[in-house]
Amino acid sequence: MRNPIPCPSNHCPLAHVNAEALSVFIGDYFRYKGEYEGSALPHRIKISISACERACAVPVSQDVGIVAKPNGKFNIYLGGGIGEHAFTAKLAFSDVELEDILPLIVGVVEVFKRSGERRGFKWFIKLNGFDKVKEEVLAVAREVKSKLPKPPDVKPTFINTRVIKMHYPTGWVTASELDELAHAADEYGLGYVVLFNNQSIYIPIRDNVKEIRGINGEIKEPGPYYPEGPITVACVGSELCPPGLIDTTSLGRKIHVHISGLKEHIRVGISGCTHDCGMSWVSDIGFEPFGFKTRILVTIGGASRQLGFILGTIDPSEAELTAKVILSMYVKSKAPNIREFAVRTGIDAIRDELRRQVPSFQPPNDSITALFGPD
């Protein structure tokens with residue numbers, strides 16, 4: 001069981017619930033229980049909690065995605081996953097009461113545990129059918145509900161402060177930069193920083209602060225945190241990760257130069273292998289290695305509720321050029337965001353332009369269909 005990932009709801013005025021409190025409650029239930037640790041489960045389980053319908057915690061890519069609603073209830077999505085086999089999480093339960101969330105999650109875990117499906121919960125759903133899995137999860141939830149702890153008060157706790165946003169393209173922060181951030185959090189802020197899935201660090205600052213020295217970040221109003229850009233997210237890649245096939249740091253820094261000048265909500269996700277830790281499938285523009293003779297799969301228009309469209313594959317050396325071509329087309333289209341640009345322009349038209357300008361570009365073929373899917 002992975003730690004549940006909440007959005008930073010305490011620093012977002014849109015939050016309907018305290019996602020952090022709910023995350024801790026769920027995580028604490030499973031922590032240190034041998035029946036849910038290590039090899040006790042056939043595959044890891046990922047859970048995220050979004051405090052409003054913007055779904056900043058990206059439920060589309062989670063085994064269990066929890067999204068709070070204005071009426072105090074929740075929608076729960078099941079079966080998402082990115083990487084070599086990308087699956088879209090689907091809405092399983094609507095208007096769920098707070099006290100029913102943990103029983104449903106226990107239902108997911110127990111049903112999955114019995115399955116022994118080592119490829120993950122998304123594959124278990126694929127093989128057994130969405131409706132059948134829902135029925136099994138509900139049956140377990142009803143059985144265990146009376147035995148489970150009651151949830152805490154999760155009313156939103158909005159800390160209304162401005163924040164300093166510090167983005168670190170590709171995620172690298174030096175020791176001296178960490179010292180500066182810690183000093184700024186103590187000197188100007190509330191003594192802590194906020195981390196999230198866009199490789200940015202946010203420092204909540206006190207209302208009486210007029211001048212900030214030592215760091216050069218953007219002062220902004222709190223929330224929302226997704227989409228927010230220009231942002232370049234990357235895993236550690238071949239530098240530090242054994243499965244890594246490409247240098248994500250170098251590539252990410254090159255591409256960030258092109259998106260940083262646009263001052264728009266553009267998120268580029270770069271992964272070094274097919275595990276997709278760089279979250280390429282839910283980024284505006286995504287790059288992920290593909291195949292045994294390493295090429296890169298290019299996706300476009302990913303978001304918190306939608307996986308990106310597949311454009312095709314390229315040679316790693318032409319990833320920066322590919323990003324430039326896509327960004328140039330996007331700017332000319334004057335679309336409000338990249339997903340809308342992809343829909344308006346048409347995936348085939350974007351592929352045609354990539355064929356003209358990127359020598360190594362290849363549109364999807366049978367090998368992509370076989371490897372990436374089923375969604």
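Which helix is S23 found in? The answer is helix α1, residues 19-30. The views below all come from a predicted model.

**View 1. S23 in helix α1, with its contacts from elsewhere in the sequence.**
S23 has a relative accessibility of 7%, so the residue counts as buried. Which residues touch S23, leaving aside its neighbours within four places in sequence? They are P4, I5, P6 and I49. The side chain of S23 also reaches the backbone oxygen of P4, at 3.0 Å. I49 is 26 residues away from S23 in sequence. In space, the two C-alpha atoms are 6.8 Å apart.

**View 2. Cysteines C12, C52 and C56, without a disulfide.**
A disulfide is a covalent bond between the sulfur atoms of two cysteines. How many disulfides does the structure have? The count is 0. For C12, the nearest cysteine sulfur is that of C52, 5.7 Å away. The cut-off for a disulfide is 2.5 Å between sulfur atoms. C12 is therefore in no disulfide. C56 is in no disulfide either, and its nearest cysteine sulfur also belongs to C52, at 5.8 Å. Are C12 and C56 buried or exposed? C12 is buried, with a relative accessible area of 8%. C56 counts as buried too, at 8% relative accessibility.

**View 3. A nonpolar surface patch made of W172, V236 and L240.**
Together these three residues have about 270 Å² of accessible area. Where does V236 lie? V236 sits in the loop between β10 (231-234) and α6 (248-260). Its relative accessible area is 35%, so V236 is partly exposed.

**View 4. T249 in helix α6, in contact with a patch residue.**
T249 lies in helix α6. This threonine is buried, with a relative accessible area of 5%. Leaving aside neighbours within four places in sequence, T249 touches T170, W172 and E239. One of these, W172, also belongs to the nonpolar patch of View 3.

**View 5. The salt bridge between D100 and K145.**
How many salt bridges does the structure hold? There are 11, and the pair D100 and K145 is one of them. Their side chains meet at 2.7 Å, N to O. D100 lies in the loop between β5 (90-96) and α2 (101-115). K145 lies in the loop between α4 (130-144) and β6 (163-167). The pair therefore ties together parts that are 45 residues apart in sequence. D100 is partly exposed, with a relative accessible area of 23%. K145 is partly exposed as well, at 30%.

**View 6. Salt bridges within helix α9.**
Helix α9 covers residues 347-357. D348 and R351 both lie in this helix, 3 residues apart, which is about one turn. Their side chains meet in a salt bridge at 3.2 Å, N to O. Which of these two counts as exposed and which as buried? D348 counts as exposed, at 52% relative accessibility. R351 counts as buried, at 16%.
R355 and D352 form another salt bridge, with the closest N and O atoms 2.6 Å apart. They too lie in helix α9, 3 residues apart, about one turn of the helix. R355 counts as partly exposed, at 44% relative accessibility. D352 also counts as partly exposed, at 34%.

Definitions and conventions
Residues are numbered from 1 along each chain as its sequence is written. This is a predicted model: local features need pLDDT of at least 70, side-chain atom pairs count only at pLDDT 80 or more; totals for chains, interfaces and linings use all residues. Side-chain values use heavy atoms; hydrogens and water are left out. Helices (H or I, at least four residues) and strands (E, at least two) are DSSP runs, numbered from the N terminus. Buried means under 20% relative accessible area, exposed over 50%, partly exposed in between (1.4 Å probe, protein chains only). Contact means heavy atoms within 4.5 Å. A polar contact is a pair of N or O atoms within 3.5 Å; within protein, one must be able to donate a hydrogen and the other to accept it, and residues adjacent in sequence count only if both atoms are side-chain atoms. Patches are made of residues with over 30% relative accessible area and no salt bridge: like charges are joined within 9 Å, nonpolar side chains (Val, Leu, Ile, Met, Phe, Trp, Tyr) within 5 Å. Accessible areas come from the Shrake-Rupley method with a 1.4 Å probe; for residues, only the protein chains shown count as cover. A salt bridge is a side-chain nitrogen of Lys or Arg within 4 Å of a carboxyl oxygen of Asp or Glu.
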